[in-house]
Amino acid sequence: MTTIKINERTKTGKAFMAMFEAFFKGVEGIEIGEDDYNQFNEERTAYSPEFIEKVKKAEKNIKEGKTTRLNPEDIWASI
């Protein structure tokens, strides 16, 4: 699969889309998709989904004030 990004706001982009739709509309194997919800921009990550969920949970807890402060002078006593 190949993804082509076209800025439909430009003159060239509008012309390309008009030509593309005229030649390839309804042709099997070719699809025009909108970039809603990052359909074409799925970002790949090296992090596991479990790790990402842990980070999101930690961010939520920080925003809600559910944190523990450690004393850098005596870390073991703070735990």
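**Helical organisation of the predicted model**

The protein averages a pLDDT of 81, with 85% of the residues scoring at least 70, and the coordinates described here are those of a predicted model. Confidence varies among the elements: the lowest mean pLDDT, 80, belongs to helix α3 (residues 75-78), whereas the highest, 91, is found in helix α2 (residues 49-63). The secondary structure comprises 3 helices and 0 strands, and the elements follow the pattern α-α-α when read along the sequence.

Burial is limited to 4% of the 79 residues of the protein. The area exposed by the protein amounts to about 8,200 Å², of which carbon and sulfur atoms supply 52%.

Helix α1 was examined for its length and for the distribution of its residues about the axis. The 14 residues of this helix (residues 11-24) should span 20 Å at 1.5 Å a residue, and the end C-alpha atoms of α1 are indeed 20 Å apart, which agrees with that expectation. Within α1, the buried residues, taken as those under 20% relative accessible area, are G13, M17 and F20. These three residues cover an arc of only 65° around the axis and therefore lie on the same side of α1. Such an arrangement can be read against the geometry of an α-helix, which has 3.6 residues a turn, so that residues three or four places apart point the same way. The other side of α1 carries the exposed residues K11, T12, K14, A22 and F23. Just after α1, G26 adopts a positive phi of about 85°.

Note on methods
Residues are numbered from 1 along each chain as its sequence is written. This is a predicted model: local features need pLDDT of at least 70, side-chain atom pairs count only at pLDDT 80 or more; totals for chains, interfaces and linings use all residues. Side-chain values use heavy atoms; hydrogens and water are left out. Helices (H or I, at least four residues) and strands (E, at least two) are DSSP runs, numbered from the N terminus. The expected span of a helix is 1.5 Å times one less than its number of residues. Buried means under 20% relative accessible area, exposed over 50%, partly exposed in between (1.4 Å probe, protein chains only). The arc is that of the directions from the helix axis to the C-beta atoms. pLDDT is the predictor's confidence in each residue, from 0 to 100. Accessible areas come from the Shrake-Rupley method with a 1.4 Å probe; for residues, only the protein chains shown count as cover.
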